[in-house]
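Visitor: I am new to this structure and should like to understand the terms used to describe it. May I ask how each description is justified?

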Amino acid sequence: IDVAKDPAHPFRVLCAGIEARAVGTRFVVARQVSDVEVGVIEGVVAVRTDEQSAPTLIQAGQRALVDQRTGAIRSEPLPGASYGWTRGVLTFDHVPLERAVAEIARYLPERVVFRATTHAATPITATFPVDQPDAALLAVARTNGLTIRHVSGLLYLVQD
């Protein structure tokens, strides 16, 4: 999200009950399995879990991870390769294979089923063009000794 500076009209994103409010900044909101991530590229974003809670201010170069169950907010520095998709690449730095495949799947029109459970936690480090997700999926599979069955227009099956 790239927001124009307008203090009279702050920009708000609501995701799973979490609010991110910005005035003149660039930031990302992503819903994960158990967390909502708010990453700040420029400026400052106020993050809060409900209308009554005091906001946590997240500065440029930081991200907030908000636990969807408890509402606990944890702030940490942005990983170096964060949000590569905003620059046209998918970048993974020691990311578990299953999570990398799930991220690549977001860019494919077919459903992706991951059945290589013995390799799920294998960390991968790689960068792929975001406009070639099928090639990225194939490269990740081959590099890790996995096979892919593809039913065009329907699904990719990634397995041992």
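Guide: Let us begin with a definition: two strands pair if DSSP finds at least two bridges between them. Please note that the model is a predicted one.

Visitor: What makes strands β1 and β2 a pair?

Guide: Strand β1, residues 11–15, is joined to β2 over 5 bridges in the antiparallel sense. The definition asks for at least two bridges, so the two strands count as paired. One of the partnerships is that of R12 with R21 in β2.

Visitor: How are β1 and β2 connected along the chain?

Guide: They form a hairpin, with 2 residues between the strands. A16 lies in the loop between β1 and β2.

Visitor: What is notable about the phi of A16?

Guide: The phi of A16 is near 50°, which is a positive value in a residue other than glycine. Most residues other than glycine have a negative phi. A16 has a relative accessible area of 36%, so A16 is called partly exposed, a term for values between 20% and 50%.

Visitor: Where else is a positive phi found in a residue other than glycine?

Guide: H94 has a phi near 55°. H94 belongs to strand β9, residues 89–96.

Visitor: Why is H94 called exposed?

Guide: The relative accessible area of H94 is 58%. Exposed means over 50%, and therefore H94 is classed as exposed.

Visitor: How do you know that β2 is largely enclosed by the rest of the structure?

Guide: Strand β2 covers residues 18–22, and 4 of its 5 residues are buried, so the strand is largely enclosed. Besides its pairing with β1, β2 is joined by 4 bridges to strand β5, residues 44–48, and these two strands run antiparallel. In that second pairing, A22 has V45 of β5 as its bridge partner.

Visitor: Why is E19 called buried?

Guide: E19 has a relative accessibility of 4%. The cut-off for buried is under 20%, so E19 counts as buried. R21, by contrast, has a relative accessible area of 28% and is therefore partly exposed.

Visitor: What makes the contact between E19 and R21 a salt bridge?

Guide: The closest N and O atoms of E19 and R21 are 3.2 Å apart. The limit is 4 Å, so this separation qualifies as a salt bridge. Side chains of opposite charge can pair when their charged atoms come close. E19 and R21 also belong to a network of salt bridges that links them with R12 and R48.

Visitor: How many salt bridges are found in the whole structure?

Guide: A search of the whole structure finds 8. Among them is the one between E103 and R106, at 3.0 Å from N to O. R106 has a relative accessibility of 59% and so counts as exposed. R74 and E76 form another, with their closest N and O atoms 3.5 Å apart. R74 is partly exposed, because its relative accessible area is 46%.

Visitor: Why is D35 said to have no salt bridge?

Guide: For D35, the nearest side chain of opposite charge is that of R74, at 5.1 Å. A salt bridge must lie within 4 Å, so D35 and R74 do not form one. D35 is nevertheless buried. D35 lies in strand β4, residues 35–42. Leaving aside neighbours within four places in sequence, D35 is in contact with A30, L65, V66, D67 and Q68.

Visitor: How are D50 and T70 classed, and on what grounds?

Guide: D50 has a relative accessibility of 38%, so D50 counts as partly exposed. D50 is found in the loop between β5 and β6. The C-alpha atoms of D50 and E19 are separated by 7.3 Å, although the two are 31 residues apart along the chain. T70, in the loop between β7 and β8, has a relative accessible area of 54% and is therefore exposed.

Visitor: What does the protein contain as a whole?

Guide: There are 2 helices and 13 strands. Of the 160 residues, 38% are buried. The C-alpha trace spans about 50 × 30 × 30 Å along its principal axes.

Notes: Residues are numbered from 1 along each chain as its sequence is written. This is a predicted model: local features need pLDDT of at least 70, side-chain atom pairs count only at pLDDT 80 or more; totals for chains, interfaces and linings use all residues. Side-chain values use heavy atoms; hydrogens and water are left out. Buried means under 20% relative accessible area, exposed over 50%, partly exposed in between (1.4 Å probe, protein chains only). Lys and Arg count as positive and Asp and Glu as negative; His and the chain ends are not counted. Contact means heavy atoms within 4.5 Å.
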